[in-house]
Amino acid sequence: MEDLLFLEYIINPSKRTYWVYILSSIFIAFIYIYFNKKASRVNFSSKLWLHESAKLDYYYFILSYFIKTVMIIPIIISAKTIAFFVSKNIYYQFGFNQIQTISYENILVLYTISLFIVSDFTRYWLHRFLHTIPFLWEFHKVHHSAKVLNPLTFYRVHPIENILFGLRYSFAIGFVTGIFIYFFGSKIGLVEILGANAFIFVFSIIGSNLRHSHIPLAYFSFLEKIFISPKQHQIHHSKKHFNKNFGGYLALWDYIFGTLELSKNVKVLKFGLRKEQMGDYNSLTKLIITPFSNILKKEKFILKYLKTATTVVAALILFVGCTNQELSKEDLVKQTKQKEALGQALFFDKNLSKNRTQSCSTCHNPETAFTDNRDNGISKMASLGDDGKSLGDRQAPTAMYAMFSPEFHYDKEKKKYIGGQFWDGREASLAGQAGGPPLNPIEMGMSSKKEVIKRLKENPYYIQAFKDIYGEDIFKNINKAYFAMTDSIEKFEMTEQFAPFDSKYDRYLKGEYDLTPLEDLGRSLFFSQANNSCATCHLSKKEDAMGETFTNHEYHNIGTPINHELRSKNGVKDIDMGLLANPKVSNEIHKGKHKVPTLRNVAVTAPYMHNGVFKDLRTVVEFYDKYNNSYRTINPETKKPWDEPEVKETISLDELKAKKQNDRKIDALVAFMKLLTDKRYEHLLEENK
C-alpha cells in the first residue's frame, strides 16, 4: 500500500512531478537542446543523472516522503481549520455581508487568482527569510547543497523547512478561503484543469520542472520581471547569486523588493555551497543532522533565538490563558453571537433550495422591510417558488417584529387563539417557521430534511460552525441538525435589525420628532376607541407605549375578498380556510380567520391583506370604513363595488364597529401609519408615492 502512495507524485496534477508536467518539460528540453547543441552534452550525460548529488536526491526523496507523511502532516494545522477560524471570526465581528451580485463563474476566477497571488507572495517572503535569517538559513542550506539539479531536487528540503512551508500554505490558503467563505458562502471553487489550480497547471505544463535542471531556458527580459524563468531559478541556486530570485512562479515580487536578477546578466552557473561546506551535506544522515549541529556550535546564536522563542511562547500562553478566562465568563453571550452569525449566513443562502435560486431573504428581503419585493407577474401578491413557476396563495408577511409573537396557544380567558407564525399560526415559533419553506414543494422545494443537511455539509463553514455550537455529533441525527439550522435562523431573526424601533413615531415618543397636524390627528383617531376600531386589534400595550408592535397577535376574519388576479395565475380554487387550516384548530368558527399583522413598516410593504388583494394602504382603510359608512361602496382601485368576502360567516363584526370616517380622517390615519416606518426604510415612502 505504501508503494502505491508514491504513485501520487506521478498521477496527481497538484504535484510538481505529475507525469504530464514531466513529459512537457522533456519536450521543451528537447526543443531547447535542438537549438543549443552544447546543452546535450550535459543533460544526456550519466555524469548528471548518476552524480552522487543526484543519487542523494533520489534517496532523500524517499526518506523525506516518509518523514512528511508520518511526522509532519499530522502536526500541521490544516488550511480548512484556518479558513473556519477566519470566516467565523469575521462573522462574529462584522455580521453577515454575503455578496449576491457576483456570478458563480466570476467567483471561481476571483478565488483562483486570489489563491495564486497570496500563495506566491507568502512563498516569496518565507523563501527570502530562509536566506536572510541565520537560524533558518542553516536548514535551507540542505536545499542549496545540491551540486547538480534534477526534478527531485525540488524535494531536497529539510523537515523543519517542510513544516514552515506547510504552515505558510495553511495560513495563506486558509486566510483567503475564509474571506471568500464569508463573502460568498459555499459558492467558492477553483478554476481547475485536471483537478489542479489552472494557474499552477499552466506554469507547470510550460516547464516548471526545468527550474531544477541544467536547461538554462530564459525568457525575454520584460517577461522575467513578471514570471520566474527556469534560468532565473538556476541563478538562485548558483553559488554567487543565492540571495536573488526568491520568487516561486512570479518574479514580480523580486522586481518590487529589489532581489531580481535577469538571465542576461549571468553567464556561468555553478551550483551548491562553498567547497568547504559540501562535505557536511553528502549523506542522508548529514542532510538531517548538520543544520542542528551547526546551530548548537554557535552558543550565542542559539541563546539569542531561545530567548526570543521563550518570550513568544510565554506571550502565547498568557494570551490563550486570558482568552480562555474571558470566554468562560461570556460563554452564553458568545454562543448567542455564534448562532446569530450562523443564522444570518443560512438566511441568505440560496443553496438550501432545490435549484439553488432561493433563500429566506428572497421572500424576506432586508432592503424592503423583509418582504418579497419581486413582481412575479402578479404585483408582489404572492411569492414565486424555487422552480420559477409555482405561486402560493398568500403573501409573504414581513419578518420584522415577528420575534414578539408569543408561541401559538389558546387563551381560555379571551377564548381566542393567539400567537404563532404564518398567517394561520401553524408554527409555534420562529424556529418552526424557518423550517417550513425549505421543505415546501412550491417554495424552496427540497425533498427532505436529509437533502437539506446534505446541502449544509457542502459548506465547510457550516460544518465547523454547527459542530462548534451544537456539538461534534450534530450531523449524526438529521432531525437534530435540522433543528439546529432553524434554531440559528431564529436567533438571527431575533437580532436588532429585525426590530430597531427607530421610526418617527418612536422618535416622537422620545421627544425627538414633532408630529404634523395631520399625523397628530391620525394618532388620535388610531387610539380612539370611540371613533374607530384600529387599536382593538392593532395594539398589545397601552396608548403610546414604548416597544409597541401594533398587533395583538389574534386571528380575525375581516371579510377579505378573493384575489381573482392571483387565483388566475396560481390556479387555486379552494377556499382559504385561514386559522382552520392549522392542524391544531378544528372548530368551524375559526374558518377564514387570519393573523393580525404588525403595522410596523406597513406603508412600505404593499400589497395588503393575507392574499395581497389591495395595492394601496389608503384602500385598506377605506375597506375597513365600508363596514360603518354606507357611502363607502366603491373599491378605489377597481372603480367597482367591493367584492364579496371569501368567507362570510365568521367575520369579526363586533371588532369592526366604528364611526364612519371622512376622507381627511382616512388621510390622517394613513399619515399616522407612515410614521411607523423604520428609519432604514423611510426612503421607500418617497419611492412608493
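Here are some numbered notes on the predicted model shown above.

1. Overall make-up. The protein is built from 30 helices and eight strands. Its radius of gyration comes to 35 Å, well over the 26 Å that the globule rule gives for 689 residues, so the protein is more spread out than a compact globule. You can see this along the principal axes too, where the C-alpha trace spans about 110 × 55 × 50 Å.

2. Inside and outside. Buried residues account for 51% of the 689 in the protein. The exposed area is about 34100 Å², and carbon and sulfur atoms supply 60% of that area. If you look at contacts between residues at least 6 apart in sequence, 70% of them join residues at least 24 apart.

3. Charge. There are 89 positive and 72 negative side chains in the protein. The centres of these two sets lie 11 Å apart.

4. The cores. The largest nonpolar core holds 82 residues, and the members that touch the most others are Leu346, Phe466 and Met485. Phe466 is a good place to start looking: beyond its neighbours within four places in sequence, its contacts include Leu342, Leu346 and Leu456. Further along the sequence, Phe466 is also in contact with Gly471, Ile474, Phe475, Ala481, Ala484 and Met485. Another core, of eleven residues, lies apart from the largest one, and its members include Val142, Leu273, Leu287 and Ile288.

5. Phe292. This residue sits in helix α15, which covers residues 284–297. Is Phe292 buried, partly exposed or exposed? Its relative accessibility is 36%, so Phe292 counts as partly exposed. Setting aside residues up to four places away in sequence, Phe292 touches Phe139, His158 and Ile160. Phe135 is 157 residues from Phe292 along the chain, and the C-alpha atoms of the two are separated by 9.7 Å.

6. Arg123. Helix α8, residues 104–132, is where you will find Arg123. With 26% relative accessibility, Arg123 is classed as partly exposed. Not counting residues up to four places away in sequence, Arg123 touches Phe165, Arg168 and Gly248. Tyr470 is 347 residues from Arg123 along the chain, and their C-alpha atoms are separated by 37 Å.

7. Helix α27. This helix runs over residues 617–625 and is mostly covered, with seven of its nine residues buried. Which residues of α27 are the buried ones? They are Leu617, Thr619, Val620, Val621, Glu622, Phe623 and Asp625. It is worth noticing that Glu622 and Asp625 are on that list, as is Thr619. The cover over the buried residues of α27 includes β7 (634–635) and α29 (663–674). As background, an α-helix has 3.6 residues a turn, so residues three or four places apart point the same way.

8. Backbone points to check. Most residues other than glycine have a negative phi, and most peptide bonds are trans. Three places are worth a look with that in mind. A cis peptide bond joins Ala606 and Pro607, with omega about 0 degrees. Pro607 belongs to the loop between β6 (594–595) and α27. Asp544, which is not a glycine, has a positive phi of about 55 degrees, and Asp544 lies in the loop between α25 (534–537) and β5 (555–556). His553 also has a positive phi, near 65 degrees, although this residue is other than glycine. The loop that holds His553 runs between α25 and β5. The relative accessibility of His553 is 9%, under the 20% cut-off, so His553 counts as buried.

9. Ile575. You will find Ile575 in the loop between α26 (564–570) and β6. Its relative accessible area is 40%, so Ile575 is partly exposed. Leaving aside neighbours within four places in sequence, Ile575 is in contact with Lys591, Glu646 and Val647. Glu637 is 62 residues from Ile575 in sequence, and the two are 23 Å apart in space, C-alpha to C-alpha.

How values were computed. Residues numbered from 1 in each chain as written. Predicted model: local features only at pLDDT ≥ 70, side-chain atom pairs only at ≥ 80, totals over all residues. Heavy atoms only, no water. Core = buried A, V, L, I, M, F, W, Y, C linked by side-chain atoms within 4.5 Å. Buried < 20%, exposed > 50% of the residue type's maximum accessible area, 1.4 Å probe, protein only. Contact = heavy atoms within 4.5 Å. Helix = DSSP H or I, 4+ residues; strand = E, 2+ residues; numbered from the N terminus. Rg over C-alpha atoms; globule rule 2.2 N^0.38 Å. Areas by Shrake-Rupley, 256 points an atom, 1.4 Å probe, with all protein chains shown as cover. Lys, Arg positive; Asp, Glu negative; His and termini not counted. Charge placed at Lys NZ, Arg CZ, Asp CG, Glu CD.
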